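Open the model in a viewer and keep the selection panel at hand. The stops below go from one element to the next.

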Amino acid sequence: CEKPYSRHPAQVTEAFDAADAAGLVLEEAFMWRHTPQVRKLLELLPRLGAVRVVRSTFGFLLERDYDVRIDALLDGGSLMDVGCYCVSASRLIGGEPVRVAGEQLMGPSGVEIRFAGVMRLPGDVVATFSSGFDGATESIEVIGRDHRLFLPDPWHSVRGVLYLDDELVQVEPVNPYQLELEDVNAAIRGEREPLLGRADALGQARAIDALYRAADTGTVVTVA
């Protein structure tokens, strides 16, 4: 299923229950999680020392008057379309958010065209991110006690480049969409569990739901 499955945790539970009952495989299509670049990121994390801050961005310029990404009836919005990658990265690196805050700039269609979020993660890790339809940006930065890791092309891995401080680390830039299809195919054949299952999709929906509630109310929200 195209990412994110839903901003509503109950819908995620319902869908995975239905798939389990029917003996089917359901996987959320966060293609970026399948790349050699992400495996290298996780491999390098221990070299940073204790992680302090995770910063991420994802945005592009959306110039069409209508697009499914800005349709309120389809749960559109920059957080749902591209900010969800930043949420996914923060969770992968630092764990499930404990509490969140958010700010959003609403567009004429009734959904936000820009979103900025702050998430408190376990172990006193703070994650910040921004997403939008009004400017191009993409990055992940992980700041540790001893070192810094930076990915200038984290979501599509076109270049397969990471920087550990000033040291260039190169990995093979394999097509992430091919890799996610290979993963779900292997799960369907019964060779292994899918990389992204119920727990990850549910954690993603809970975080997005809390971020929207925080932005709507202007308060800090505990992630349920």
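Start with helix α3: 16 of its 17 residues are buried, so the rest of the structure largely encloses this helix. The model is a predicted one. Select residues 78-94 to display α3. From first C-alpha to last, α3 reaches 22 Å, close to the 24 Å expected at 1.5 Å a residue.

Where does α3 bend? Centre the view on Cys 84, where α3 bends by about 50 degrees. Cys 84 is buried, with a relative accessible area of 0%.

Stay in α3 and pick Val 82. Val 82 has 4% relative accessibility and so counts as buried, the cut-off being under 20%. Add Pro 122 to the selection: Val 82 and Pro 122 are 40 residues apart in sequence, and their C-alpha atoms are 24 Å apart in space.

Now go to the residue that follows α3, Gly 95. The phi of Gly 95 is positive, near 100 degrees.

Next, show the cysteine sulfurs. A disulfide is a covalent bond between the sulfur atoms of two cysteines. How far is the sulfur of Cys 84 from the closest cysteine sulfur? That closest sulfur belongs to Cys 86 and is 8.2 Å away, too far for a bond. For Cys 1, the closest cysteine sulfur is in Cys 84, at 11 Å, which is also too far for a bond. The cut-off is 2.5 Å between sulfur atoms, and by this rule the count comes to zero disulfides. While Cys 1 is selected, check its surface: at 42% relative accessibility, Cys 1 counts as partly exposed.

Turn on the surface and select Tyr 66, Val 68, Leu 73 and Leu 74. These residues form a nonpolar patch with about 490 Å² of accessible area together. Within this patch, zoom in on Leu 74. Is Leu 74 buried or exposed? Leu 74 is exposed, with a relative accessible area of 52%. Its place in the chain is the loop between β1 (51-61) and α3 (78-94), so following the loop from Leu 74 towards residue 78 leads back to the helix where the tour began.

For the last stop, select helix α4, residues 176-188, and pick Asp 183 within α4. Asp 183 is buried, with a relative accessible area of 5%. Then add His 34 and draw a distance between the two C-alpha atoms. Asp 183 and His 34 are 149 residues apart in sequence, yet 8.1 Å apart in space.

Key. Residues are numbered from 1 along each chain as its sequence is written. This is a predicted model: local features need pLDDT of at least 70, side-chain atom pairs count only at pLDDT 80 or more; totals for chains, interfaces and linings use all residues. Side-chain values use heavy atoms; hydrogens and water are left out. Buried means under 20% relative accessible area, exposed over 50%, partly exposed in between (1.4 Å probe, protein chains only). Patches are made of residues with over 30% relative accessible area and no salt bridge: like charges are joined within 9 Å, nonpolar side chains (Val, Leu, Ile, Met, Phe, Trp, Tyr) within 5 Å. Accessible areas come from the Shrake-Rupley method with a 1.4 Å probe; for residues, only the protein chains shown count as cover. A salt bridge is a side-chain nitrogen of Lys or Arg within 4 Å of a carboxyl oxygen of Asp or Glu. Helices (H or I, at least four residues) and strands (E, at least two) are DSSP runs, numbered from the N terminus. The expected span of a helix is 1.5 Å times one less than its number of residues. The bend at a residue is the angle between axes fitted to the seven residues ending there and the seven starting there.
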